[in-house]
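Please read the questions below with the sequence and the 3D view at hand.

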Amino acid sequence: MLYISTRGHADRKRFCEILLEGLAPDGGLYLPERYPQVDEATLTAWRGLSYAELAFEVLSLYVDDIPAADLKAICARTYTEEVFGSWEIVPLRALENGLYLEALSNGPTLAFKDMAMQLLGNLFEYELARRGEELNILGATSGDTGSAAEYAMRGKKGVRVFMTSPNGRMSPFQQAQMFSLQDDNIHNIAVEGVFDDCQDIVKAVSNDLAFKRQYKIGTVNSINWARLMAQVVYYFAGYFQATSSNSEKVSFTVPSGNFGNVCAGHVARSMGLPIDKLVVATNENDVLDEFFRTGVYRVRGSADTHETSSPSMDISKASNFERFVFDLLGRDGDKTRALFHDQLASQGRFDLSADPAFQMAAQRYGFVSGKSIHADRLATIKDTFQRFGSMIDTHTADGLKVAREQLQAGVPMIVLETALPIKFAETIVEALGQAPTRPAKFEGIEALPKRVKVLPADVALIKRYIAENVH
Ligand SMILES: *Cc1c(COP(=O)(O)O)cnc(C)c1O
């Protein structure tokens with residue numbers, strides 16, 4: 001399998017070459033040159049597999065430069081009951097008739113990003129050892145992504161993490177999750193500033209090419225193909241749990257931000273998994289809902305980007321969206337480049353409403369969308385708790401609200417549960433008048449010793465800190 005850029009660059013690369021890279025050289029995103037097709041017989045064979053075995057089968061279609069035995073061992077090490085809390089790894093639970101939640105958030109940081117990041121940690125360690133190289137991951141986080149990266153990379157050989165976060169601005173629970181890690185290769189840097197300062201620092205360091213090369217600086221952002229590929233697996237796993245034969249279709253609703261999660265659903269559907277609809281659920285930051293309703297993709301400025309009670313979906317643009325648009329436009333790299341490079345840069349928007357391709361988003365690719373706001377979230381959390389005794393988080397609530405608007409008789413609807421309520425306790429209290437339950441392994445973490453370096457928002461000082469801690 002070779003990988004191509006969404007902007008038409010002539011390079012063709014193999015999986016392990018793009019594993020440690022970010023964007024393609026032309027600024028595009030990597031995609032496989034074709035989607036491998038999974039036929040009826042294969043689906044039947046896969047139905048009985050454990051999650052780790054299923055992951056190996058799916059990944060094998062995309063990875064041909066890691067020996068099969070090694071890839072199998074990596075999957076077996078990653079998707080364990082010990083790490084994800086159940087042998088199913090992503091168990092379904094039923095709500096009313098035909099509606100299910102698929103639990104993707106029982107990993108180490110209680111959010112679905114663990115599903116991909118845990119695999120990435122093991123893939124990075126494997127590939128770096130094979131090359132005899134090291135990598136220093138530099139990132140900025142306001143919560144979820146940083147902790148998922150740290151829990152994936154902790155203790156891994158050849159990898160260090162330098163994670164900046166705005167000092168004192170994460171919730172006590174999030175701070176405790178990250179700062180209680182005592183692993184030598186994990187470095188928490190609390191920057192005296194806001195999240196944007198952290199992002200600016202990461203950008204400035206990455207733009208210093210000499211420093212970047214000398215200290216082997218890399219990232220783990222959401223546009224990494226390996227993360228998307230890992231997410232394809234749980235669409236298959238959800239499908240097998242909700243159906244008893246391959247003649248049945250299901251739909252998925254996905255709480256969306258950067259379009260990574262639902263893009264994995266698009267890949268699964270393109271491989272032949274019998275998915276009817278892919279429902280994109282957004283919060284007040286409705287960039288994606290607007291596109292699927294109108295054909296207009298309009299990037300928001302920071303004044304137009306709302307801070308909501310489902311903060312992991314607070315995006316101004318959707319960084320993985322280009323992958324889907326590339327497919328929608330018949331994989332025309334020139335056209336994709338014109339939209340994402342030229343038009344977005346000059347006008348901050350593009351409009352496909354008059355392009356026949358836009359109709360295909362719904363007709364051929366099954367995409368529909370909806371939006372949920374704070375009041376919907378509260379009502380959905382309360383209703384789900386009262387009727388089913390099930391406590392859900394704010395992002396999952398956005399998904400569930402939108403899923404109910406798209407239900408179709410006879411087609412099971414699976415809503416992806418992207419985080420556990422304990423991570424967003426304040427809103428749960430607002431909705432239910434009671435605090436969320438806390439998994440036993442997180443009892444008392446706020447009292448654990450913290451390992452964090454507080455530094456001013458100063459690029460030179462952060463660079464010096466990195467240099468001192470790379471040896
Ligand atoms: C990251 C995240 C999302 C959004 O996922 P995308 O892949 O960016 O669309 C939704 N919910 C939670 C809890 C998240 O952490």
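The turns below cover a sheet and then a ligand site.

This is a predicted model, in which local features need pLDDT of at least 70 and side-chain atom pairs count only at pLDDT 80 or more, while totals for chains, interfaces and linings use all residues. Residues are numbered from 1 along each chain as its sequence is written, and side-chain values use heavy atoms, with hydrogens and water left out.

Q: Which strands stand at the edges of the open sheet?
A: Strands are DSSP runs (E, at least two residues) numbered from the N terminus, and two of them pair if DSSP finds at least two bridges between them. The open sheet has five strands in the order β8-β5-β6-β7-β15, with parallel pairing. Each edge strand has a single partner, so one side of it is left without a neighbour in the sheet; these strands are β8 (217-218) and β15 (453-456).

Q: Which residue of β8 is the bridge partner of Ile137?
A: Strand β5 (residues 135-140) runs parallel to β8 and is joined to it by two bridges. In β8, the partner of Ile137 is Gly218.

Q: How much of the ligand's accessible area does the protein cover?
A: Polar contacts here are pairs of N or O atoms within 3.5 Å. A nitrogen atom of the ligand lies 3.0 Å from a side-chain N or O atom of Thr418, and an oxygen atom of the ligand is 3.1 Å from a backbone N or O atom of Phe259. Of the 390 Å² accessible area that the ligand has on its own (Shrake-Rupley method, 1.4 Å probe), the protein covers 96%.

Technical notes. Helices (H or I, at least four residues) and strands (E, at least two) are DSSP runs, numbered from the N terminus. A polar contact is a pair of N or O atoms within 3.5 Å; within protein, one must be able to donate a hydrogen and the other to accept it, and residues adjacent in sequence count only if both atoms are side-chain atoms.
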